Amino acid sequence: MIDVAVAVAFHVLAIVLWIGGAGFATLALLPALRRLPDPAQRIATFEAIESRFAPVARAAILLAGATGLYMAFRLNIWSWFTSLRTWWMGAMLVVWIIFAVLLFVLEPFFLHHRFIAHAKSAPDATFRKAEWLHWVLLIISLITILGAVAGTHGLLLG
Ligand code: HEM
């Protein structure tokens, strides 16, 4: 099954790029921005960096989803999505859906404008909230990655 090996390789590549970027934003970028004294500079720096990484993250999400679905189809493991024993399959789908809705729908159509408006009127609270949201997303993503790698390599519940 060479095609499945290629799919898993690209799947993991996409995850590394995408969740790695989320980790950088959570652990380095947002805390550093929150400490900048000038709110206008915080917003400008955030926008300059975010606008560069958002297309990369969107492409990585599409690649992860396409390769993941291809593997599920080829291995015919659809039932794993609903089994507690392979909880990480369901978790992967949930994480994917959350990020896809955030980056393809909420962020471009609602969140971006709201974030900038709130960051101007209440910069500290807005950046703290953004950091908190990133922490939640990063933690569920990392738990999913741990579960997926351990589960794929034989560590199953029950
Ligand atoms: C539509 C969404 C997704 C689908 C359909 C999907 C599907 C799959 C499938 C079928 C496998 C291979 C299982 C096996 O070989 O037994 C896999 C592996 C994996 N997935 Fe996903 N996945 C999705 C999203 C994600 C997300 C969002 C993450 C990370 C947060 C993720 C991380 C991983 C990891 C780390 C592996 C294990 C690779 C290995 O060690 O071999 N996947 N995924």
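**Asking how the labels were earned**

Me: What makes the largest nonpolar core a core, and which of its residues touch the most other members?
Reply: It has 15 residues, and Trp18, Ala60, Ile61, Ala64 and Met92 touch the most other members. The label fits because a core takes buried residues of certain nonpolar types, joined through C-beta atoms within 7 Å. α1, α2 and α3 each give two or more residues to this core, and α3 supplies the largest share, six residues. Bear in mind that all of this comes from a predicted model.

Me: Which residues does Ala64 touch, leaving out those up to four places away in sequence?
Reply: Ala64 touches His11, Ala14, Ile15, Trp18 and Trp96. They count as touching because their C-beta atoms lie within 7 Å of that of Ala64.

Me: What else has been picked out as a core?
Reply: There's a second, separate one of seven residues, including Ala25, Leu30, Phe46 and Ala130.

Me: How do you know what kind of fold this is, in terms of helices and strands?
Reply: Just count: the chain comes to four helices and zero strands. Read along the sequence, that gives α-α-α-α. The C-alpha trace spans about 55 × 30 × 25 Å along its principal axes.

Me: How do you know where the chain's contacts come from in terms of separation?
Reply: Take the contacts with a separation of 6 or more: residues 24 or more positions apart account for 84% of them.

Me: Why is α4 called straight or bent, going by its span?
Reply: Straight, on this test. Its 30 residues should span 44 Å at 1.5 Å a residue, and the end C-alpha atoms are 43 Å apart, so the two agree. Just after α4 comes Gly154, with a positive phi near 110 degrees.

Me: How do you know whether α3 is straight or bent?
Reply: Run the same sum. α3 has 35 residues, and a straight helix would reach 51 Å, but the end C-alpha atoms are only 42 Å apart. The bend shows up at Glu107, about 75 degrees, and Pro108 follows within four residues.

Me: Why is His112, in helix α3, called buried, exposed or partly exposed?
Reply: Partly exposed, because it has 15 other C-beta atoms within 10 Å, while buried needs 20 or more and exposed needs 12 or fewer. His112 also sits 9.3 Å from Glu47, C-alpha to C-alpha, with their positions 65 residues apart in sequence.

Me: Which residues of α3 and α4 do earn the buried label?
Reply: In α3 they are Trp88, Met89, Ala91, Met92, Val95, Phe99 and Ala119, with α2 and α4 among what covers them. In α4 they are Thr126, Phe127, Ala130, Ser141, Thr144 and Ala148, and their cover includes α1, α2 and α3. Over the chain, 20% of the 158 residues count as buried.

Me: What makes up the shell around the ligand, and which residues come nearest?
Reply: There are 21 residues around it, and Gly68, Met71, Met92, Trp96 and Ala148 come nearest. The elements giving two or more residues to that shell are α1 (2-34), α2 (39-75), α3 (87-121) and α4 (123-152).

Me: How do you know what chemical character that shell has, by class?
Reply: Tally the classes: 15 nonpolar, six polar and no charged residues. Gly68, one of those that come nearest, goes on the polar side of the tally, because Gly is classed as polar here.

Conventions: Residues numbered from 1 in each chain as written. Predicted model: local features only at pLDDT ≥ 70, side-chain atom pairs only at ≥ 80, totals over all residues. Near = placed C-beta within 6 Å. Expected span 1.5 Å × (residues − 1). Bend = angle between axes of the 7 residues up to and from the residue. Contact = placed C-beta atoms within 7 Å.
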